[in-house]
Amino acid sequence: MRQARWRKSSFSGTGPDNNCVELAASDGAIHLRESEDPGTAIRTAPRPLGAFIRAAKAGQLDHVVR
């Protein structure tokens with residue numbers, strides 16, 4: 001992956017204890033990481049990520065183990 005421009009979630013605070021999800025786009029893919037562990041990222045395509053976000057907003061992920 002080329003040098004990514006990571007963007008912090010708009011729901012994140014500004015203090016040092018405000019870990020959040022960060023996103024970056026490159027080469028037609030979306031990369032996600034947690035700010036607490038920036039060395040680990042997952043890669044997905046825009047369409048599956050959109051489907052995941054819509055399902056989460058609709059409350060369809062309640063059966064996922066937490």
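Mentor: Before we look at the sheet, note that helices (H or I, at least four residues) and strands (E, at least two) are DSSP runs numbered from the N terminus, and that two strands pair if DSSP finds at least two bridges between them. This is a predicted model, in which local features need pLDDT of at least 70 and side-chain atom pairs count only at pLDDT 80 or more, while totals for chains, interfaces and linings use all residues. Residues are numbered from 1 along each chain as its sequence is written, and side-chain values use heavy atoms, with hydrogens and water left out.

Trainee: In what order do the 4 strands of the open sheet stand?

Mentor: The order is S1-S2-S3-S4, with antiparallel pairing. Strand S1 (7–8) and strand S4 (41–44) are the edge strands, each of which pairs on one side only.

Trainee: How many bridges does each pair of strands have?

Mentor: S1 and S2 are joined by 2 bridges, S2 and S3 by 6 bridges, and S3 (residues 29–34) and S4 by 4 bridges. Between S1 and S2, Lys8 has Glu22 as its bridge partner. Between S2 and S3, Ala25 is partnered by Ile30, and Ser26 stands opposite Ala29. On the S4 side, Ile30 has Thr44 as its bridge partner, while Leu32 stands opposite Ile42.

Trainee: How many residues lie between the strands of each hairpin?

Mentor: The hairpin of S2 and S3 has 2 residues between its strands, and Asp27 in that turn has a positive phi of about 55°. The hairpin of S3 and S4 has 6 residues between its strands.

Trainee: Which side chains of S2 point to the buried face?

Mentor: For this we need a cut-off: buried means under 20% relative accessible area, exposed over 50%, and partly exposed in between (1.4 Å probe, protein chains only). Along S2 the side chains alternate, so that Glu22, Ala24 and Ser26 point to one face and are buried, whereas Val21, Leu23 and Ala25 point to the other face and are not buried. In the neighbouring pairing partner S3, 5 of the 6 residues are buried.

Trainee: Why does Ser26 count as buried, and what does its side chain contact?

Mentor: Ser26, which lies in strand S2 (residues 21–26), counts as buried because its relative accessibility is 7%. A polar contact is a pair of N or O atoms within 3.5 Å; within protein, one must be able to donate a hydrogen and the other to accept it, and residues adjacent in sequence count only if both atoms are side-chain atoms. Such a contact, of 3.1 Å, joins the side chains of Ser26 and His31.

Trainee: How many salt bridges are counted here, and which residue pairs with Glu22?

Mentor: Side chains of opposite charge can pair when their charged atoms come close. The rule asks for a side-chain nitrogen of Lys or Arg within 4 Å of a carboxyl oxygen of Asp or Glu, and by it the count comes to 1 salt bridge. Glu22 forms this salt bridge with Arg33, with the closest N and O atoms 2.6 Å apart. The pair links distant parts of the chain, since Glu22 is in strand S2 and Arg33 is in strand S3, 11 residues apart.

Trainee: Are Glu22 and Arg33 buried or exposed?

Mentor: Glu22 is buried, with a relative accessible area of 13%, and Arg33 also counts as buried, at 18% relative accessibility.
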